[in-house]
Amino acid sequence: MARKVFVTSRPWQEALEEFLGSLRSNGYLAGLPAEEIDVTRALGRVTAAPVYAAISSPHYPAAAMDGIAVRAEKTFGASEGEPLELALDREAVLVDTGDPLPEGFDAVIMIEEVTFKDKVAAVIRRPAVPGQNIRPVGEDITAGELLVPAGQALTPYDLGGLLSAGVTMVAVRPRPRVAILPTGTELVPPNPNPAPGQILESNGTMLAGLVTRWGGEPRVYPITPDDYQLLKERLLQALAESDLVLINAGSSAGREDYTARLVAELGQVLTHGVATRPGKPVILGIVEDKPVIGVPGYPVSAALCAELFARPVIYYRQGLEPPRRERVQAVLARKIYSPLGREEFVRVRLERERDRLVAIPTSRGAGTIMALARADGIVVVPRLAEGFAAGQEVTVYLLRPRETLLEELHTGARTIKGSYNLE
Ligand SMILES: Nc1nc2c(c(=O)[nH]1)N[C@H]1C(S)=C(S)[C@@H](COP(=O)(O)OP(=O)(O)OC[C@H]3O[C@@H](n4cnc5c(N)ncnc54)[C@H](O)[C@@H]3O)O[C@H]1N2
Ligand code: MOO
């Protein structure tokens, strides 16, 4: 049922909780039917059930080194002073790494420790101990052993383990299919010669990249002009073909901002407007029991709204908790002023000054995508704060892997120096 829509200023956490709550109660976030896929194509997929080893690995006793297989008890007494001769093919059998151990043999001596006499005997100068240089059955994996529990994203190592254990198919959660609908009459496909007023459609690709990063399967639809009927047809098509729809732009108060009206007509708008900067006019709705997010048009707003609202939906839909963000403590290079009433996400670059990290705020415009591309992290100014003073310690939520960043800062791989003075 449609309800009256107006742009509110709710805390985003409250809007997200309500959104996820509705999706939980309508069954959208409850276990999807699993699909069986080839293990070779399962990187990053989330297991729908525990996976057990079909066979042991190794599944036969195998030589762990190139050399000769021997019966250990027949080698006792060999020494530098009294080398021992073993008849080739009867008492000593040539084996290579990975070969099955011949029946009745229980040790392997590395080829470097063996000399040969007339191609009929192997000469050794040290006894072997039983089991030496042998990989026994199940050394790595025992048949029936639990390899991966349910609900885990498969790593390259997991795939290696599964295949070694004779598992070729695996039951995984389907990847959430995410439709991305760039809308706006001013949008044109990216090209180097846009006419004045034309905007190059870049958010579709950016959002698709984020969706892929979170485990979803993005599909960017062709640009839809600002036409209510066309947008409606496109939204219905996208709903039929996907699990989550991101309508990009048309979220605000402009004459051709149709998203909220459309979502209200076809389903329910839960939220229109949150108390964040950027990202204020986001729309959270449910149509045909599926989430529809109206993502504001400015690139930084689009990225932030996707992070705040699409990311958790995509993770939970796969049965995963959204990973906690990596963070570091830093001191602010400059004062940040931020109006009361909106939680502001300020992009910062990090530099090292002696033994501390300094966070330098970058451009705060919602349209400046390169400020986000160049940023190392985000500083959050709470809704009920008016900002932070220069030199204040703040938490920086990282946009890059923490280890790489700290390494770069530590080794001085970053040479750019900001203009700040914290003395
Ligand atoms: N009177 C008001 N005007 C605006 C308000 C408001 O509250 N009252 N909010 C502002 C805020 S905050 C934001 S954010 C934007 C959001 O606007 P929309 O979601 O309606 O988006 P548009 O106006 O269509 O576009 C904004 C901007 O982004 C460009 N854009 C759109 N799609 C793409 C794309 N796929 N790739 C690249 N760039 C895109 C678009 O051309 C515009 O330049 O509204 C403020 N206005
Ligand atoms: O919310 Mo808008 O995203 O501030 O620019």
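This report describes the overall form of a predicted model, its domains, the surroundings of its two ligands and one loop residue.

**Overall form**

The secondary structure of the chain amounts to eight helices and 28 strands. With a radius of gyration of 31 Å, well over the 22 Å that the globule rule gives for 423 residues, the chain is more spread out than a compact globule. Along the principal axes, the C-alpha atoms of the chain fill a box of roughly 95 × 60 × 45 Å. Of the 423 residues in the chain, 39% are buried, and among contacts with a separation of 6 or more, 75% join residues that are 24 or more positions apart.

**Domains**

The chain is divided into domain 1 (12-32 + 174-317), domain 2 (35-52 + 148-172), domain 3 (62-135) and domain 4 (327-411). The centres of domain 1 and domain 2, taken over C-alpha atoms, are separated by 31 Å. UniProt, in an unreviewed entry, lists residues 179-316 as "domain: MoaB/Mog"; in the model this span is 37% helix and 25% strand, and its end C-alpha atoms lie 17 Å apart.

**Ligand surroundings**

Around ligand 1 there are 26 residues, of which Asn-203, Ala-249, Ser-251, Ser-252 and Gly-297 come nearest. Helix 3 (203-213) and helix 6 (299-317) each contribute at least two residues to the shell around ligand 1. Ligand 2 is surrounded by Arg-277, Pro-278, Gly-279, Lys-280, Pro-296, Tyr-298, Ser-301 and Ala-366. The table sets out the two shells by residue class.

| Shell | Nonpolar | Polar | Charged |
|---|---|---|---|
| Ligand 1 | eleven residues | eleven residues | four residues |
| Ligand 2 | four residues | two residues | two residues |

**A loop residue**

Gln-392 is found in the loop between strand 27 (387-388) and strand 28 (393-398). Because 14 other C-beta atoms lie within 10 Å of its own, a count between the limits of 12 or fewer for exposed and 20 or more for buried, Gln-392 is classed as partly exposed. When its neighbours within four places in sequence are left aside, Gln-392 is in contact with Val-331 and Leu-332. The C-alpha atoms of Gln-392 and Ala-359, which are 33 residues apart along the chain, are separated by 10.0 Å.

Methods. Residues are numbered from 1 along each chain as its sequence is written. Chains are lettered from A and ligands numbered from 1 in the order in which they are written. This is a predicted model: local features need pLDDT of at least 70, side-chain atom pairs count only at pLDDT 80 or more; totals for chains, interfaces and linings use all residues. Domain bounds come from an automatic or database domain assignment. A residue is near a molecule or strand if its C-beta atom, placed from the backbone, lies within 6 Å of it. Helices (H or I, at least four residues) and strands (E, at least two) are DSSP runs, numbered from the N terminus. Ala, Val, Leu, Ile, Met, Phe, Trp, Tyr, Cys and Pro count as nonpolar, Asp, Glu, Lys and Arg as charged, and the others, Gly among them, as polar. UniProt positions are given in the numbering used here, feature names are shortened, and annotations may be inferred rather than shown by experiment. Two residues are in contact if their C-beta atoms, placed from the backbone, lie within 7 Å. The radius of gyration is taken over C-alpha atoms; the globule rule is 2.2 Å times the number of residues to the power 0.38.
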